[in-house]
4 protein chains.
Amino acid sequence: MNQVEPTQHKWLHDHISPDMMQLHSIRKVLFSGQTPFQAVDILELGSLGLCLVLDGKIQSSERDEFIYHESLVHPVMLAHPDPRRILVIGGGEGATLREVLAHRTVERVTMVDIDEEVVNICHRFLPSFHQGSFDDARVELCFADAREFLCRGDDKFDVIIVDLADPVEGGPACLLYTREFYRLVRNSLADGGIAVVQSEPAGWLHGQNFAAINNTLKVVFPLVSPYQVHIPSFVDLWGFTSVSLNIDPAVLSPGEINRRISDRLTKQTRSYDGVSHCAMFSLPKHLREEMAKIKAVISDSDPVFIYRDLPGS
Amino acid sequence: MNQVEPTQHKWLHDHISPDMMQLHSIRKVLFSGQTPFQAVDILELGSLGLCLVLDGKIQSSERDEFIYHESLVHPVMLAHPDPRRILVIGGGEGATLREVLAHRTVERVTMVDIDEEVVNICHRFLPSFHQGSFDDARVELCFADAREFLCRGDDKFDVIIVDLADPVEGGPACLLYTREFYRLVRNSLADGGIAVVQSEPAGWLHGQNFAAINNTLKVVFPLVSPYQVHIPSFVDLWGFTSVSLNIDPAVLSPGEINRRISDRLTKQTRSYDGVSHCAMFSLPKHLREEMAKIKAVISDSDPVFIYRDLPGS
Amino acid sequence: MNQVEPTQHKWLHDHISPDMMQLHSIRKVLFSGQTPFQAVDILELGSLGLCLVLDGKIQSSERDEFIYHESLVHPVMLAHPDPRRILVIGGGEGATLREVLAHRTVERVTMVDIDEEVVNICHRFLPSFHQGSFDDARVELCFADAREFLCRGDDKFDVIIVDLADPVEGGPACLLYTREFYRLVRNSLADGGIAVVQSEPAGWLHGQNFAAINNTLKVVFPLVSPYQVHIPSFVDLWGFTSVSLNIDPAVLSPGEINRRISDRLTKQTRSYDGVSHCAMFSLPKHLREEMAKIKAVISDSDPVFIYRDLPGS
Amino acid sequence: MNQVEPTQHKWLHDHISPDMMQLHSIRKVLFSGQTPFQAVDILELGSLGLCLVLDGKIQSSERDEFIYHESLVHPVMLAHPDPRRILVIGGGEGATLREVLAHRTVERVTMVDIDEEVVNICHRFLPSFHQGSFDDARVELCFADAREFLCRGDDKFDVIIVDLADPVEGGPACLLYTREFYRLVRNSLADGGIAVVQSEPAGWLHGQNFAAINNTLKVVFPLVSPYQVHIPSFVDLWGFTSVSLNIDPAVLSPGEINRRISDRLTKQTRSYDGVSHCAMFSLPKHLREEMAKIKAVISDSDPVFIYRDLPGS
């Protein structure tokens, strides 16, 4: 028996805002369940292929996850002169690990995720995402709340990669976008360390959280460089922020990026190179101006949330 | 790990017409595949529970299949004085069998379905529908095209129940709503036999096929009695037609129906009784008048189809 | 320039429940606005023609409003031996008036609606619904809260027709489905009077409110006769309840109904006649049994609401 | 009476592909009709404000049209040393005119659009888009098929801006993306002239047409520079292509762009400046590689089309 394909009758409804929805045809439901922390679906979508969907929101897709994960990992990894000890916060699909492990210098990667079940589901259903990274000898998995992990402060890291799910109200990540959390990140950086934060939509229509996250990071770090890239499955431009006490990837030239890629990576990149790097750090004028107007700083007592549709009763 | 439940993010889109769609939230996909004849989904819907979906159209649902199957089976079975040999054409879920087998008089039921895989899937995933009927000693399953089966004409039946899927263009049932097919049905009735035909939507907006099926049956049978009942999962009133050379269930009184139910059925009905029977055969005035205006007769060279959305290319 | 027609790109989303939506293509938006009481749209839908939509819910449609309005008005009007003074509560489209005015015996009709703007909009945009009824000399319009109007108790009526919008939470009708309100209705009936109440969906899936309304009416009236009819634009069977101290339309035979129609109506009916009447009062067995299980009574302190989707924030 | 606002019950369904739809809530329908060439809607959407929608596809929106129109017009206008005579093909909203007229050097702008009714509708309903440009003394409007206009070849232009609607099958623009058409554009360029072509989606998932348009332009022009920018209302990155015999805007530095903006424009830009310019011409690596693989060239006998949902029958 073959897979259904010509009729599009099952759809994922992704509520981007009260006024906008993105609908994707569902080819196959590989898994659907509820962990202690969130609803999890592994779907094969007609447009995007295999996807991880948490609480009804697409987290990453087979067709374009490489754009997201390369953009998240390589700018800060290449900006650091010699990244050996890496911390990944979140990143349940294992694709962030995969990109980190492609750097020759890496000696140890600690990955902290609150939801062991999500990691197990991704391990089982998304092999093209992690490509065996969970089993790499350099990787140490730790299932814990990221805040508690950082509070213990046992280790220092050359690079910290904050790859969290959206701050859904009541969800596991909503207090991991605050000033208090970012202070913990700073305290866990080794001398000369650098971090990157997944920073939510960076587009014209929904860029408030991106601006607020940047403002919040500026309270904690002296060097803060926002960048963005278009991820089709997220509908919008997506924001990232590099933060450090003394390193700024934004100043590196295309040629220098290309040299470091060929020196330090054990594989070819698909989306990221010197030209892409420079485009990413060049925010459009209207976004720069809009961000300058937003003054909000996120704190534990004043968090931000992403829009999420809640059915009536 | 528990089932997902509070977020409605996966939906079945049922295209009723180019101008109307019914959307149902999907709780769980139990099965999804393609047989040689049609696309098959077994879904758990938020509103309707477990459902059989063929080519994107809901065929029957856990919450209301009893209305459909009791309305299909009991009027003609009770109108016949002593139904022993029964033929079921279609009816892959096994629920039509279930209702037939509840009649004490039944000695043998032959079920002819073209799609063995659908029957196997229903056997496995829909036990509350068939309730073991496929394993009843009185049942003989035959996987064949109904037309070829009837052409062989090996047997005669007291009651024939035509429980087919919608006439989807290019689908397996589209030539089983024609004058030529109904003649084969008549030829397979034993003396004093009666048949019933699932007759498509009978509502005000989409009743043309119901009228055409009735016209076509009138070409072949002297006694033709249309009736209808509301099936929530079909959105609309649903039509059935009783046909015979000499029996008309429409004339039976509520009291007589109730007596026959208690005499001849080995179980309680849920939807059907004397009051329901009489309401079913009382079509509303506008439907009677509308049907009287439609003169179409369906033939192999001029078949009818149900609306079905086809994606562009 | 002609009307758009071949592309279906604008849709009305009618949220029937958290797990079910009905979508209708929009051909034309004739009016869209907000009164002090509710959101009002006059839409031309591809499936249903011109429609009145209040707070996002279809109230009545050009294609099938005759089923609703004939079913609401004629059973109680014909059951009363000589209805002269009529009260209509709600009924903004004017189509209830139209059916009432077709009875020769009628001398005066008082219509009480809270929302003058809705009535004006219907007057202007829905002439095929009211057919000039607002301008009939026998009609008196009164824009007031129905409860306050009945409290004044200035008049007694032979027939009272309660034709209210759904009990949307916070909407104008939510306290007009309670025991307290129905007592006011009883007090305004003349000797030998009869009333009918639009009673919300009566189908298998969403019949709780229908049962609760019937229970509540039984607290106030000795004779309570529920009936239902299929209205395509409401997706479901729709419930009505006849209430009185001494008249029960359910006992009238088809022949008697047909005689009274021809004696007392000045026009032909389209949906309602003797056969339709009897079918309407024959609720299916499962609905009778389900209603018997529900014990809720609606009061001002414990009202019921219809489901309505509220966008997140 | 106020506008409806808190309920989202009317939606625009934009079918991006058979597997993806974008839904926008509709606040208000200002106009809806059919010209001899296409279906036209002027809608106020909850997310995007006032929009022009042709054949069910959003053409431009109040919230982000400035990104599109500045990106379309300024790179080639500023790359040309002294643009005086300008041709705009398409551009019915008048916003392309608006950006062109902001250049001090402009002496005459000829705008050729096939659909006079669309231009009149935009003139009336979208004043914030054209800002009076249609009435500027330098503007000459010509309602004609662009191909016939260019065939006459009466004039030569310093800059030609091809701002056409999507190539909908059977629509007015489908033969204006071909090799044959681009040859006509080249023949109408004055010495040292430059043109820009709106080049359809440039994202990872739907970039085939962008690649094919670029290939086709390379057959006709020696200098072809693709660029892209994110337009929220188009869901995706959007492609443009600058073509010329001897000018390439891609080589200009951010500083030079900023100098020319302040020297030659009579107003502030909102989205476009030196930084934005350089990012636009830096396509991501995966798009560069994907485009290199596509060899298709578009000709009158082998045109391309955008996906469009067509309802079944």
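In which hand does H6(A) pass H7(A) in their crossing? I began my notes with this point, and I record that H6(A) passes H7(A) in a right-handed crossing. I keep in mind throughout that this is a predicted model.

**Entry 1, the helix pair in chain A.** I looked up the two helices themselves and found that helix H6, residues 179-187 of chain A, packs against helix H7, residues 208-220 of chain A, at an angle of about 50 degrees, the axes being 9 Å apart. H6(A) and H7(A) are therefore oblique to each other. On the H6(A) side I listed A:Arg179, A:Tyr182, A:Arg183 and A:Arg186 as making the contact, and on the H7(A) side A:Thr216, A:Leu217, A:Val219 and A:Val220. Sorting the residues of this contact by class, I noted 4 nonpolar, 1 polar and 3 charged.

**Entry 2, the helix pair in chain B.** I then turned to helix H6 (residues 179-187) and helix H7 (residues 208-220) of chain B, whose axes come within 9 Å and cross at roughly 50 degrees. That angle makes H6(B) oblique to H7(B), and I noted that their crossing is right-handed. Here B:Arg179, B:Tyr182, B:Arg183 and B:Arg186 of H6(B) meet B:Thr216, B:Leu217, B:Val219 and B:Val220 of H7(B), and by class the contact holds 4 nonpolar, 1 polar and 3 charged residues.

**Entry 3, a sheet in chain C.** I traced an open sheet of 7 strands with mixed pairing, in the order S8-S7-S6-S9-S10-S12-S11. Its edge strands are S8 (139-143) and S11 (223-230) of chain C, each of which pairs on one side only, and the twist from one strand to the next averages 15 degrees. Within chain C I also checked strand S6 (residues 85-90) and strand S9 (residues 157-163), which run parallel and are joined by 5 bridges; C:Gly90 has C:Asp163 in S9(C) as its bridge partner.

**Entry 4, where chain A touches chain D.** For this contact I recorded 37 residues from chain A and 37 residues from chain D. On the chain A side, strand S2 (20-34), helix H9 (274-280) and helix H10 (285-293) each supply at least two residues, and S2(A) gives the most, with 6 residues. The chain A side divides into 16 nonpolar, 14 polar and 7 charged residues. I finished with the strands, noting that S2(A) pairs with strand S2 (residues 20-34) of chain D in the antiparallel sense over 5 bridges, and that A:His24 stands opposite D:Met20 in S2(D).

Conventions
Residues are numbered from 1 along each chain as its sequence is written. Chains are lettered from A and ligands numbered from 1 in the order in which they are written. This is a predicted model: local features need pLDDT of at least 70, side-chain atom pairs count only at pLDDT 80 or more; totals for chains, interfaces and linings use all residues. Axes are lines fitted to C-alpha atoms, for helices over the stretch in contact, and angles run from 0 to 180 degrees between N-to-C directions. Helices (H or I, at least four residues) and strands (E, at least two) are DSSP runs, numbered from the N terminus. Angles under 35 degrees count as roughly parallel, over 145 as roughly antiparallel, 65 to 115 as roughly perpendicular and the rest as oblique. A crossing is left-handed if the near helix is turned anticlockwise from the far one by less than a right angle, and right-handed if clockwise. Two residues are in contact if their C-beta atoms, placed from the backbone, lie within 7 Å. Ala, Val, Leu, Ile, Met, Phe, Trp, Tyr, Cys and Pro count as nonpolar, Asp, Glu, Lys and Arg as charged, and the others, Gly among them, as polar. Two strands pair if DSSP finds at least two bridges between them.
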